[in-house]
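Biologist: Could you walk me through this model and show how each label is earned? I would like to see the values set against their cut-offs.

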Amino acid sequence: GGPPATLEFEGLPAGFSLSFVKWAPSGGKLAFMARPGDDPSAQYQLWLGVCTGGSVTAQQLLPGSRFNAVTGPPFAWSKDGTKLLVKIVPPTLGELPAAPPAPPGPTIQDNSDGEATAARTYQDMISSPHDELLFAHCSTAALQLLDVDAGSAVGIGPSDGMMLRGSH
């Protein structure tokens, strides 16, 4: 009895590397991100795998979309396993904000109170107004609710995206 130790993927091109593999809560389906393993600059693609017998039939979802994983996984399953909430990069987002030609002034950090803390603070992650613009740009996503059986998607929220500050 029991499921096979490994399942063969049918329909997924050879040599793809997988990430963010998540089973549907209802079982029988999994969603994952994939990209050609030999090209680190290639865009990740969203795929659905449907398990039947000893194999998984894979199909690409939302082809041509770019996905946003800056603030957490690029998708999440609905509780019933029929839909995916997907974070895409809005096509209207444009290029990264250009760096200013010269710094507006010195960066000053003050720790004069000298209070020790055990918490990790990551205080140097965003250190300039330009860093704030970059973070806002890179964490902007448009949400799509994708019915995996019908293959249809509807936008949720503004089509030009919104800044996401945490995982969904």
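Modeller: Gladly! This is a predicted model, and a good place to begin is Thr71, which has a relative accessibility of 13%.

Biologist: Why is Thr71 called buried?

Modeller: Buried means under 20% relative accessible area. Thr71 has 13%, so Thr71 counts as buried. Thr71 sits in the loop between strand E5 (55–61) and strand E6 (75–77).

Biologist: What makes the pairing of the side chains of Thr71 and Lys87 a polar contact?

Modeller: The cut-off for a pair of N or O atoms is 3.5 Å, with one able to donate a hydrogen and the other to accept it. The side chains of Thr71 and Lys87 are joined at 3.4 Å, which is within that limit, so the pair counts as a polar contact.

Biologist: And how do you know that Met125 is exposed?

Modeller: Exposed is the word for residues over 50%. Met125 has a relative accessible area of 60%, so Met125 is exposed. You will find Met125 in the loop between strand E7 (83–88) and helix H1 (129–138).

Biologist: What makes up the nonpolar patch on the surface that Met125 belongs to?

Modeller: Met125 is joined there by Val70, Ile126, Phe135 and Met163, and together these residues have about 450 Å² of accessible area. Members of a patch need over 30% relative accessible area. Met125, at 60%, therefore passes that cut-off.

Biologist: Let's go inside. Which residues of the largest nonpolar core touch the most other members?

Modeller: Those are Leu46, Leu84 and Val86, in a core of 16 residues. Strand E3 (29–36), strand E4 (45–52), E6, E7 and strand E8 (140–147) each give two or more residues to this core. The largest share, three residues, comes from E7. Apart from this core lies another, of eight residues, including Phe16, Phe32, Trp47 and Val56.

Biologist: Which residues does Val86 touch, leaving out those up to four places away in sequence?

Modeller: Val86 touches Leu46, Leu62, Phe67, Pro74, Phe75, Ala142, Leu143, Gln144 and Leu146. As a general matter, nonpolar side chains in soluble globular proteins tend to be buried together.

Biologist: How do the helix and strands follow one another along the sequence?

Modeller: The pattern reads β-β-β-β-β-β-β-α-β-β-β, with one helix and ten strands. Among contacts between residues at least 6 apart in sequence, 49% join residues at least 24 apart.

Biologist: And how much of the protein counts as buried?

Modeller: Of its 168 residues, 28% do. The accessible surface comes to about 10,700 Å², and 56% of that belongs to carbon and sulfur atoms.

Definitions and conventions: Residues are numbered from 1 along each chain as its sequence is written. This is a predicted model: local features need pLDDT of at least 70, side-chain atom pairs count only at pLDDT 80 or more; totals for chains, interfaces and linings use all residues. Side-chain values use heavy atoms; hydrogens and water are left out. Helices (H or I, at least four residues) and strands (E, at least two) are DSSP runs, numbered from the N terminus. Buried means under 20% relative accessible area, exposed over 50%, partly exposed in between (1.4 Å probe, protein chains only). Patches are made of residues with over 30% relative accessible area and no salt bridge: like charges are joined within 9 Å, nonpolar side chains (Val, Leu, Ile, Met, Phe, Trp, Tyr) within 5 Å. Accessible areas come from the Shrake-Rupley method with a 1.4 Å probe; for residues, only the protein chains shown count as cover. A salt bridge is a side-chain nitrogen of Lys or Arg within 4 Å of a carboxyl oxygen of Asp or Glu. A nonpolar core is a set of buried Ala, Val, Leu, Ile, Met, Phe, Trp, Tyr and Cys residues joined through side-chain atoms within 4.5 Å. Contact means heavy atoms within 4.5 Å.
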